[in-house]
Amino acid sequence: PIGALQAVLGGHKHNFSFYVLGFIMLFGVVFGRLICGFLCPFGLVQDLLHRIPLPKLKVHKKVDKPLRWLKYLVALVMVVLLPIFLTNSVGVGDPTFCKWICPAGTLEGGIPLTLSNESLRSVQGFLFNWKMGILVTVMIASILIYRPFCKYLCPLGAFYGLFNRYSFFRMDLEKSKCSGCKACERSCPMNVEILKNPNSTECVRCGKCKAVCLSSAISMGFK
């Protein structure tokens, strides 16, 4: 979806694509960040890496909260503004985020392509090495921190998160049942303050809060 949006925005005519944006919005309205929790293959990779039994790093709130805004900046600058305004001689912009940052594209596309194509391996240079460096950094960080790419860098997660409050798939907290023990918040790998806002932009609908709630105050599903 992000690649499609960049391709449209980077076109020499800069026509507004209701199809591309509408398609992304449709998934956002129906699912919110459920897509991040259950459909994203790179999310699965991060989950599996975090299961490696090594000491985990807890990012302090004073650092974590400002870093959460980084993905919105990445979405605005790398996905929207640069493809529109940084164009070549024929008026076509680069898919900046996919080209320079996206570790998912490197893992799922770049590495398999270069392994299977000798001609591509012969022309590897700075860009490929740069992207591999980002991928390795994110993968190491994923062992220590739960889903760092989703938390701090992913523009698609930022976009879908905006729909969490209004999407058809929702998390609900029945306050009359809640004992206030905060077991749900302690279990949340995305550090969502569930008692304040169970449909936070950071919630990926993993369901761990619901699983640990002894009073069955939390429910999730299409509402």
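**Close-up 1. The buried residues of helix 8 pack against helix 4, helix 9 (118–122), helix 10 (126–144) and helix 11 (148–152).** As with every view here, this one comes from a predicted model. So who is tucked away in helix 8? The buried ones include Pro103 and Ala104, and Thr106 and Thr114 are buried as well.

**Close-up 2. Helix 8 has a kink at glycine 110.** The bend comes to about 35°, and it sits shortly before proline 112. What about the end-to-end length? With 14 residues at 1.5 Å a residue, helix 8 should span 20 Å, and its end C-alpha atoms turn out to be 19 Å apart, which agrees.

**Close-up 3. Helix 4 (residues 41–50) crosses helix 8 (residues 103–116) at roughly 95°.** The two axes come within 10 Å. That crossing angle makes helix 4 roughly perpendicular to helix 8. On the helix 4 side, the contact is made by Pro41, Phe42 and Val45; helix 8 brings Pro103, Ala104, Leu107 and Glu108. Sorted by class, the contact has six nonpolar residues, one charged residue and no polar ones. Pro103 and Ala104 turn up here again, having already appeared as buried residues of helix 8.

**Close-up 4. Helix 10 has buried residues from Phe128 to Ile143.** Between those two, Lys131, Ile134, Leu135, Val138 and Ser142 are buried too. An α-helix has 3.6 residues a turn, so residues three or four places apart point the same way. Keep that in mind when looking at Lys131, Ile134, Leu135 and Val138, which are among the buried residues. What covers them? The cover for the buried residues of helix 10 includes helix 4, helix 7 (96–100), helix 8 and helix 11. As for length, the 19 residues of helix 10 should span 27 Å at 1.5 Å a residue, and the end C-alpha atoms are 27 Å apart, which agrees.

**Close-up 5. Asparagine 191 has a positive phi, near 60°.** That's a positive value in a residue other than glycine. Asparagine 191 is found in the loop between helix 13 (183–187) and helix 14 (208–212). Is asparagine 191 buried or exposed? Somewhere in between: its relative accessibility is 45%, so asparagine 191 counts as partly exposed.

**Close-up 6. Serine 216 also has a positive phi, near 55°.** Once more, the residue is something other than glycine. Look for serine 216 in the loop that runs between helix 14 and strand 2 (218–222).

Terms used
Residues are numbered from 1 along each chain as its sequence is written. This is a predicted model: local features need pLDDT of at least 70, side-chain atom pairs count only at pLDDT 80 or more; totals for chains, interfaces and linings use all residues. Side-chain values use heavy atoms; hydrogens and water are left out. Axes are lines fitted to C-alpha atoms, for helices over the stretch in contact, and angles run from 0 to 180 degrees between N-to-C directions. Helices (H or I, at least four residues) and strands (E, at least two) are DSSP runs, numbered from the N terminus. Angles under 35 degrees count as roughly parallel, over 145 as roughly antiparallel, 65 to 115 as roughly perpendicular and the rest as oblique. Contact means heavy atoms within 4.5 Å. Ala, Val, Leu, Ile, Met, Phe, Trp, Tyr, Cys and Pro count as nonpolar, Asp, Glu, Lys and Arg as charged, and the others, Gly among them, as polar. The expected span of a helix is 1.5 Å times one less than its number of residues. The bend at a residue is the angle between axes fitted to the seven residues ending there and the seven starting there. Buried means under 20% relative accessible area, exposed over 50%, partly exposed in between (1.4 Å probe, protein chains only).
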